[in-house]
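Below is a short briefing on one protein chain. It goes from the core to one helix, then to a single residue in that helix, and ends with totals for the chain.

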Amino acid sequence: MSKLDKFLAKAKEPVQRRTGTVVIDGDEWQVRELTMSETRACFRLAEDSNGNLDTFRYNDVRIVKATEHEFPWNSKELLLAYNAKDKFDLPVRLFESNRDGYSDLLDKVNEVNSKVKSEQEVVEELKNSSEPMENQATSVGHTSEVEGNHQTS
């Protein structure tokens, strides 16, 4: 089976994500593991106009992304009721008077995603891999043959 065939077959497989449940004010919140693309989106959505990461918004975005499979964050009624500009503005507003609930939900998001390697960890692991690659990418975007034992960085 070629690499292409393997990836095509994988695309059709259902993705299993870790999940967890936390009870807040008697309601169960189902939290799921974020995918790599969702994690990237969390960073992008939490950047301010200068490109700086707003950690409060980052936490709110992660809560929404981890629970949106079961909670209607995009509900127009909910957005209007809480005077929220978008769904990522809702978590802090929903839990304004329940800081412990917000904290419990964020803790569960962190717990469910704690075993997920960050993109940087994956990149570092690949860089430090002892398995030789036929054409290894260098830090300047060129390739070099591993056979020649050339320095690549």
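**Core, one helix and one residue**

In this predicted model, the largest nonpolar core has 25 residues, of which W29, I63, W73, F95 and L105 touch the most other members. Two or more residues of this core come from each of β1, β2, α3, α4 (76–81), α5 and α6.

**Around W73**
- Residues up to four places away in sequence aside, W73 touches W29, I63, V64, T67, E68, L79, K87, L90, P91 and L94.
- Two of these partners, W29 and I63, are named with W73 among the core residues that touch the most other members.

**Helix α6**
- Helix α6 covers residues 99–113.
- The 15 residues of α6 should span 21 Å at 1.5 Å a residue, and the end C-alpha atoms are 21 Å apart, so the expected and modelled values agree.
- The buried residues of α6 are G101, Y102, L105, L106, K108, V109, V112 and N113.
- These buried residues lie on the same side of α6, because they cover an arc of only 155 degrees around the axis.
- On the face turned away from that buried side, α6 carries the exposed residues R99 and D100.
- The elements that the buried residues of α6 pack against are β1 (19–24), β2 (27–32), α3 (55–67) and α5 (90–94).

**Residue N113**
- N113 lies in α6.
- Is N113 buried or exposed? N113 counts as buried because its relative accessibility is 11%, and the cut-off for buried is under 20%.
- Which backbone atoms does the side chain of N113 reach? One is the backbone nitrogen of L34, at 2.7 Å, and another is the backbone oxygen of V109, at 2.9 Å.
- V109 is itself one of the buried residues of α6.
- With neighbours within four places in sequence left aside, N113 is in contact with R32, E33, L34 and R62.

**Whole chain**
- The protein chain has seven helices and four strands.
- Along the sequence, these elements follow the pattern α-β-β-α-α-α-α-α-α-β-β.
- Of the 153 residues in the chain, 29% count as buried.
- Among contacts between residues at least 6 apart in sequence, 46% join residues at least 24 apart.
- The accessible surface of the chain is about 11300 Å², and carbon and sulfur atoms account for 49% of that area.

Conventions: Residues are numbered from 1 along each chain as its sequence is written. This is a predicted model: local features need pLDDT of at least 70, side-chain atom pairs count only at pLDDT 80 or more; totals for chains, interfaces and linings use all residues. Side-chain values use heavy atoms; hydrogens and water are left out. Buried means under 20% relative accessible area, exposed over 50%, partly exposed in between (1.4 Å probe, protein chains only). A polar contact is a pair of N or O atoms within 3.5 Å; within protein, one must be able to donate a hydrogen and the other to accept it, and residues adjacent in sequence count only if both atoms are side-chain atoms. Contact means heavy atoms within 4.5 Å. The expected span of a helix is 1.5 Å times one less than its number of residues. The arc is that of the directions from the helix axis to the C-beta atoms. A nonpolar core is a set of buried Ala, Val, Leu, Ile, Met, Phe, Trp, Tyr and Cys residues joined through side-chain atoms within 4.5 Å. Accessible areas come from the Shrake-Rupley method with a 1.4 Å probe; for residues, only the protein chains shown count as cover.
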